[in-house]
Every structure is written in structure tokens, then in C-alpha cells.
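Biologist: Please take a close look at the empty spaces in this model. Go through them one by one, and tell me which residues surround them.

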Amino acid sequence: MADAQAPFLRACRREAAPHTPVWFMRQAGRSLPEFRALRERHSFFDLVRSPELTAEVTLQPVQRLGVDAAILFSDIVTPLQAIGIDVEMRSGVGPVFAHPFRTAADLDRLRPLEPDTDLAHVIEAVRILVKELDVPLIGFAGAPFTMASYLVEGGPSRDWARTKALMLGDPELWRALLDRLASLSLASLRAQVGAGAAAVQLFDSWVGALDPHHYAESVMPASAKVLRGLADLGVPRIHFGVSTGELLGMMGKAGADVVGVDWRTPILDGWARVGPLAVQGNLDPAILGAPWEVVAREADRILDAIDGRPGHIFNLGHGVPADADPDVLARLVDHVHRRTQT
């Protein structure tokens, strides 16, 4: 089990750490050859439904890369599938729903989550991991807006037109939908923490599609329900979204302890908007494909800006690309550690 004084947890609390902690979103998965070998024998959801395989995949990047935290291998649709929603993980596309959410009648399909039975496999995976890991385990859940966008669109979208039409055209139904999804995410995260997760991250991958007014009015209350509903557990809460530069101030007020900043916003500008919280980020994932000298230079640019200020967790501005070289990731972890050792 991870030490409460682990560098990652110290940074979440904005305490000085022996080095800047590093982990990568999507560090467990398709960029690792050992994961691809497993995928040749198992479907994505087979991996998620097996506690042993989930634990194996979660451990792979910790063992290979030397990161300061593990994140549970899962997907934002896991709680939806657990309550019987028909979803397929389509290669190269992502989650696709057979019956998209369209009317108030669809609310009946979103029954309350019963973690002890619905997510027994997830809870068991967390228990296995906390015995195996010597770094903190981060629990995982999707934020209500991103979960809703998948449900309403039926899968990934480029413009989120149906989602916005529902949000603005039927605000009562929209609030009811997000409230139920917030309850699902909250129940899932509480169960993960109960099983031993040392921190949690709420992923709002698509919320950057919104302007600040509609975020504040139609989305922030549901995200706050999740984050504030975890406050009594005493674990760090990370809130991350993509293209959220204009939303960071509100995200910092929604109940998180750490806010992720993507690469589009300079790290210190993002921190100023977030306020007196820790920050996570924010190397552009595409830079991983450049020569090592470029990767190191861009990492140093972020570290130079931070200048040793407590409360920074080094990460990418989004997930690890599928074609990223694991050796570059491992070298980057070592570089950040060496560069920031106190």
C-alpha cells in the first residue's frame, strides 16, 4: 500500500516533495507492447471485467516506466455497462451505444449503481492493486457531461450537436440526466476509495466543447456533486478536461484538490486561473514523437515555469498516444525526477 508521504500525494496537498511526481493519462494501455499482447487474446471489456487482468494492465506502466502513481485501468462507460446499458468498445472509435439517450423515458434505463454487486470486479481489482503497488493508486470515473455526451450522441462526436440541443432545449431532462450520471460516478469512486484507492480523477474529456456560461449553468453543478460528495473520504480529487482554458477558474471551484491543465494553456496561466489548488500537466502528447532533445527541452520549459513551486504533478495535456514509444516515456519520467530532485 502506498505511503501517505508519497511524492504524488504530497504534491496533491501542495506540499514540498523530494521530486516532481510524474504519471501519464492513458499510461496503461495501447502504447505498451505487453498490453497489445493481452488485447490479442482478450476484448477490452474482458480486461475490465477481470480483476486479475485489470490489475495486470494497471501495473504494467508502473513496472516499465517508473511513474509515481498508477491509475486504474477502466473506461468512463464502465458504470453504465455495469447497470445494463448496451455499449460496444469499437476499435479506432471508442464506446458506441446501441440505443442512444433521446427522451425522458430513457431515464428509466439509468438505475442506481450498486457497487458491491455491479462493480464487484472493479473493487476486487483495486484490492489486488493496493497490495501489489508501492505507489498510490488513482481511482477513475467519467464526469457527468462527458458520460452524457456519449449516451446522447451514441458515441464520440465532433460537434456534440445532439448533446447541446438536449442541454439547451430540454434543461429539465438534461439536469435529471446529469444528476443520475453524477450519482453513478460518485458511487463508483466511493467504492474504489473504500477498496483502497489513494486518490481519484474525474475525467471530463469533452467539456471543453462548452462556453463558460453554459458550463456554469448546466454542467458544473453535476461535477460538483461528484467531487464534493467525496470530500469526507479525505483523498485527493483531480478534475481534468480537454480544451478547458476558459473553464479552469470554475473547475477550480467545483470541489477538486488538483485541476489538470491541457497543453493549450501555459501552465502558470492555468494555475493562476485554477486558484489555490495543485495543478497537473501539461506536456503536449504529440511532442513525444519528436527527437529526445525536443521532448527534454519542452519538459524543461514547463519545469522552469513552475520553478519548484509545491503542488505540481507532471503529466501530459491529454492521454498517451497509441504510437508513443514507452522508452521515451520512461526516459521522460527519469528526466523529470533528476531535474527536480531536492
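**Cavities and pockets**

Modeller: The count comes to two cavities of 30 Å³ or more. On a 1 Å grid over the protein atoms alone, a cavity is a set of points where a 1.4 Å probe fits but cannot get out; a pocket is an open set with protein on both sides within 12 Å along at least five of seven lines; and lining residues have an atom within 4 Å of a point. Grid points are joined across faces, edges and corners, and a volume is the space filled by probe spheres set on the points.

Some ground rules come first. The model is predicted, so local features need pLDDT of at least 70 and side-chain atom pairs 80 or more, while totals for chains, interfaces and linings use all residues. Residues are numbered from 1 along each chain as its sequence is written, and side-chain values use heavy atoms, without hydrogens or water.

Start with the largest cavity. Its volume is about 50 Å³. The lining begins with S74, D75, T78 and P79. L119 and V122 also belong to it. F140, A141 and G142 join them, and S188 and Q192 complete the list.

Now place that lining on the chain's helices and strands (DSSP runs numbered from the N terminus, with H or I over at least four residues for helices and E over at least two for strands). Helix α5 (78-82), strand β4 (137-142) and helix α10 (171-195) each supply at least two residues. T78 and P79 fall in the range of α5. S188 and Q192 fall in the range of α10. Strand β4 gives the most, with three residues.

Sort this lining by class (nonpolar: Ala, Val, Leu, Ile, Met, Phe, Trp, Tyr, Cys and Pro; charged: Asp, Glu, Lys and Arg; polar: the others, Gly among them). The largest cavity then has five nonpolar residues, five polar residues and one charged residue.

Next comes the second largest cavity. Its volume is about 30 Å³. V48, T54, L72 and F73 help to line it, along with S74, V122 and A125. Five of these residues are nonpolar and two are polar. None is charged. S74 and V122 also line the largest cavity.

Turn to the open spaces. The largest pocket has a volume of about 1100 Å³. A total of 35 residues line it. R26, R30, F44, D75 and M89 lie nearest its centre. D75 appears in the lining of the largest cavity too. Helices α2 (33-39) and α8 (144-153) give two or more residues to this pocket, and so do strands β2 (87-90) and β3 (94-97). The largest share comes from α2, with three residues. By class, 18 of the lining residues are nonpolar, 11 are polar and six are charged.

The second largest pocket has a volume of about 300 Å³. Its lining has 19 residues. H19, T20, G308, R309 and T340 lie nearest the centre. Two helices, α15 (292-306) and α16 (326-340), give two or more residues each. T340 falls in the range of α16. The largest share is three residues, from α15. This lining holds seven nonpolar, seven polar and five charged residues.

Now set these spaces in the whole chain. The chain has 16 helices and nine strands. Its C-alpha trace spans about 55 × 45 × 40 Å along the principal axes. Strand β4, met at the largest cavity, is part of an open sheet of seven strands. The order is β1-β4-β5-β6-β7-β8-β9, with parallel pairing (two strands pair if DSSP finds at least two bridges between them). The edge strands, β1 (70-71) and β9 (312-316), each pair on one side only.

Two backbone details are worth finding on screen. Helix α8, which helps to line the largest pocket, is followed by a loop to α9 (161-169), and W160 is found in that loop. Phi of W160 is near 55 degrees, a positive value in a residue other than glycine. The second detail is a cis peptide bond from G281 to N282, with omega near -10 degrees. N282 is found in strand β8. Most residues other than glycine have a negative phi, and most peptide bonds are trans.
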